[in-house]
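Visitor: I would like to learn how to read a model of this kind, one feature after another. Could you take me through it, giving the general idea where there is one and then the case at hand?

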There are 2 protein chains.
Amino acid sequence: MKLGTVEADGTQRVAVALDDTRAVLLAPGTTVAGLIGDWANAGPAVELAAQAGAEEAVPVASLSWLPPLPRPGKIICVALNNSANASRIMSGPGHPATFSKPASSLLGHGRPVRLKKEFGRVHPEPELAVVIGTKGADIPLSRAMDHVFGYTIINDLTSPDMRTEDTFHYRAIHPAKDGGDGIEYVDTWVSYSGRYKGTDGFGPIGPWIVTADEIPDPHDLTVTCVHQGRVITVDSTANLTHKVDGVISFLSGYQTLEPGDIIAMGTALKASASGGAAVQNVNLTRLGGPIEVTISGIGTLSNPVEMP
Amino acid sequence: MKLGTVEADGTQRVAVALDDTRAVLLAPGTTVAGLIGDWANAGPAVELAAQAGAEEAVPVASLSWLPPLPRPGKIICVALNNSANASRIMSGPGHPATFSKPASSLLGHGRPVRLKKEFGRVHPEPELAVVIGTKGADIPLSRAMDHVFGYTIINDLTSPDMRTEDTFHYRAIHPAKDGGDGIEYVDTWVSYSGRYKGTDGFGPIGPWIVTADEIPDPHDLTVTCVHQGRVITVDSTANLTHKVDGVISFLSGYQTLEPGDIIAMGTALKASASGGAAVQNVNLTRLGGPIEVTISGIGTLSNPVEMP
């Protein structure tokens with residue numbers, strides 16, 4: 001099933017997409033977060049409601065889409081998680097490393113990314129996103145997939161200029177090695193992602209969540225990124241270094257995963273054979289949009305861009 | 001007024017602290033987030049209810065405290081924002097740089113920080129936190145303080161070992177300077193704060209929010225950090241490099257600030273004159289707790305530590 005959230009007459013409604021072009025709106029008062037929290041009961045009822053409403057289905061293109069979950073508890077993003085990164089990493093962890101995006105950065109399908117001159121360069125990062133269905137901590141690898149509610153698409157917009165600006169080279173305070181109260185200074189680089197990953201509009205997501213039963217193998221999906229009609233990226237989720245189950249199991253040893261939490265799995269990087277540009281070449285601040293991400297079995301997330 | 005959230009008989013209740021030792025519980029169904037959203041109307045009613053309930057006030061120490069806002073939309077933390085940092089920064093931005101903590105990392109006053117061996121070293125970071133009252137984007141400096149609902153205390157627990165682990169040295173892809181589809185590689189360090197700042201229990205916060213009317217100058221507060229009865233830090237918020245109004249105005253140019261959002265203003269660093277240890281010397285994973293942060297005019301946030 002495909003579950004999204006739309007705005008209709010000033011209220012939020014759950015939209016069940018019947019296919020890529022038609023959707024049924026559920027009665028007001030239901031939310032995607034509420035459905036996820038009670039899916040065992042709610043799922044069959046939603047299925048019936050969608051079937052019953054099929055004759056009144058409306059065009060997907062006519063709806064005003066919000067993020068499928070407008071206010072997730074957390075949005076965890078896995079960094080540098082594509083096999084194409086490996087040759088460029090001189091040192092780094094062997095496990096998933098993550099940053100987060102705030103809910104306020106999310107944007108629904110079709111809504112404009114509004115850029116300002118001070119954002120600097122902004123490029124797209126097309127990614128598979130996992131939606132957590134059931135709460136868990138210290139989840140064993142073998143049970144990790146039981147915690148997946150479904151999948152959606154996220155375009156993890158990034159400003160490399162803000163990344164450079166918000167990087168410090170400094171002498172970090174470490175305790176002296178003798179174990180006493182003394183300190184020593186260690187030459188350190190730290191970068192802070194609050195702005196370069198978390199600015200308003202840097203998280204187009206959706207259009208909807210596809211329930212896990214429709215995605216038998218999340219590591220066999222084609223990810224395509226298209227800018228102004230030109231294919232930039234054609235990659236496969238087979239190229240993710242850390243897989244969905246491994247990421248869930250590892251992260252849940254540190255952070256309790258909650259229903260509705262979102263995990264962005266990392267950027268699909270492989271440049272289109274016919275194109276040759278990297279996502280980093282697509283500077284939306286200068287070039288504008290639309291910018292589009294398609295994942296097979298899920299759908300297409302497309303957003304116009306308002307240039308400064 | 002001092003507003004907190006407690007758990008009583010399995011439900012969340014708003015607690016109004018009359019002073020540091022006694023609190024009145026409001027009727028079930030009210031939440032701190034709800035009150036903030038409608039404070040102009042709710043404030044006077046809460047004041048009356050607290051006065052009316054004063055005779056049934058209960059000891060603060062008898063209550064089971066939750067984070068004052070259990071599920072804020074975002075928790076923005078300003079990095080390296082103390083005048084004591086300046087001499088150690090070799091390069092970095094002149095504006096506030098930020099990371100975030102997820103709501104799932106927050107912990108109420110009195111609740112145990114549960115550490116695991118794999119967290120490595122974990123040290124306290126005592127900080128003033130600002131609670132946003134009214135929504136805003138592109139907020140001018142002169143109006144910034146109008147968006148403050150109040151202040152609380154956060155202990156921004158940090159694992160420097162996880163920070164080191166989750167730092168990459170890699171060759172970032174940048175577009176070639178000729179403006180075409182070519183790329184070039186730039187030697188880059190990036191660090192990811194998902195685990196080292198966002199692990200469960202890394203955000204003790206509270207006990208309560210003090211409304212802004214009780215804090216005439218947020219840059220004249222004494223911040224004290226005490227570990228196992230020993231004073232580690234005595235600092236003043238006067239030493240914050242970027243001030244509350246400047247941070248709100250700057251950040252709101254990038255991220256819409258929403259009611260209930262929390263901004264942690266940066267670590268109070270100055271070692272106690274009598275002590276001499278730095279917060280970085282206080283390795284809670286090895287030493288255990290309790291760990292306590294007091295801010296004048298707000299209160300004391302104290303948490304036990306469960307060692308691995």
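Visitor: Which residue is the bridge partner of A:Tyr170 in E7(B)?

Guide: In this predicted model, A:Tyr170 has B:Ile89 of E7(B) as its bridge partner. The pairing crosses from one chain to the other, since two bridges join strand E13 of chain A, residues 167–175, to E7(B), and the two strands run antiparallel.

Visitor: How many residues of chain B are in contact with chain A, and what area is buried between the chains?

Guide: On the side of chain B, 70 residues are in contact with 70 residues of chain A. The area buried between the two chains comes to about 6300 Å², and carbon and sulfur atoms give 50% of that area.

Visitor: How should I read the charged pairs, and how many salt bridges are counted between chain B and chain A?

Guide: The general idea is that side chains of opposite charge can pair when their charged atoms come close. Between chain B and chain A the count is six salt bridges. A:Arg71 and B:Glu258 provide a salt bridge between their side chains, with 3.6 Å from N to O. Polar contact is counted separately, and across this interface the rule finds 39 residue pairs, with both residues of each pair at pLDDT 80 or more.

Visitor: Which elements of chain B each supply at least two residues of the side that touches chain A?

Guide: Those elements are strand E7 (89–91), strand E8 (98–101), helix H3 (160–165), strand E13 (167–175), strand E14 (183–191) and helix H4 (194–198) of chain B. E13(B) gives the most to that side, with nine residues. Sorted by class, the side of chain B that touches chain A has 27 nonpolar, 25 polar and 18 charged residues.

Visitor: What rotation superposes chain B on chain A?

Guide: In general, two copies of a chain are related by a rotation about an axis and a shift along it. Here a rotation of 180 degrees, with 0.0 Å of shift along its axis, superposes chain B on chain A at an RMSD of 0.0 Å. That is the relation of a two-fold axis. The same surface serves both copies, as 100% of the contact residues of chain B recur in chain A. Of the residues of chain B, B:Ser191 comes closest to the rotation axis, its C-alpha being at 2.7 Å.

Visitor: Turning to strands within one chain, which residue stands opposite B:Val16 in E3(B)?

Guide: It is B:Val24 that stands opposite B:Val16. Strand E2 of chain B, residues 11–17, is joined by three bridges to strand E3 of chain B, residues 22–25, and the two run antiparallel. A hairpin of four residues takes the chain from E2(B) to E3(B). E3(B) is also joined by two bridges to strand E4 of chain B, residues 58–59, again in an antiparallel arrangement, and there B:Arg22 stands opposite B:Pro59.

Visitor: How many salt bridges does the structure hold over all chains?

Guide: The structure holds 32 salt bridges over all chains. One of them joins the side chains of A:Lys197 and A:Glu125, at 3.2 Å from N to O. This pair links distant parts of the chain, with A:Lys197 in helix H4 of chain A and A:Glu125 in the loop between strand E10 (113–114) and strand E11 (126–132), 72 residues apart.

Visitor: As a last topic in the backbone, where is the residue A:Pro207 found?

Guide: A:Pro207 is found in the loop between strand E15 (203–204) and strand E16 (209–211) of chain A, and the peptide bond that leads to A:Pro207 from A:Gly206 is cis, with omega near 5 degrees. In chain B, a cis peptide bond joins B:Gly289 and B:Pro290, with omega about 0 degrees, and B:Pro290 lies in the loop between helix H6 (284–287) and strand E20 (291–295).

Methods: Residues numbered from 1 in each chain as written. Chains lettered and ligands numbered in written order. Heavy atoms only, no water. Contact = heavy atoms within 4.5 Å. Buried area = accessible area lost by both parts, 1.4 Å probe. Salt bridge = Lys/Arg side-chain N within 4 Å of Asp/Glu carboxyl O. Polar contact = N/O pair within 3.5 Å; in protein donor to acceptor, adjacent residues only side chain to side chain. Nonpolar A, V, L, I, M, F, W, Y, C, P; charged D, E, K, R; others polar. Pairing = 2+ DSSP bridges. Least-squares fit on C-alpha atoms with pLDDT ≥ 70 in both.
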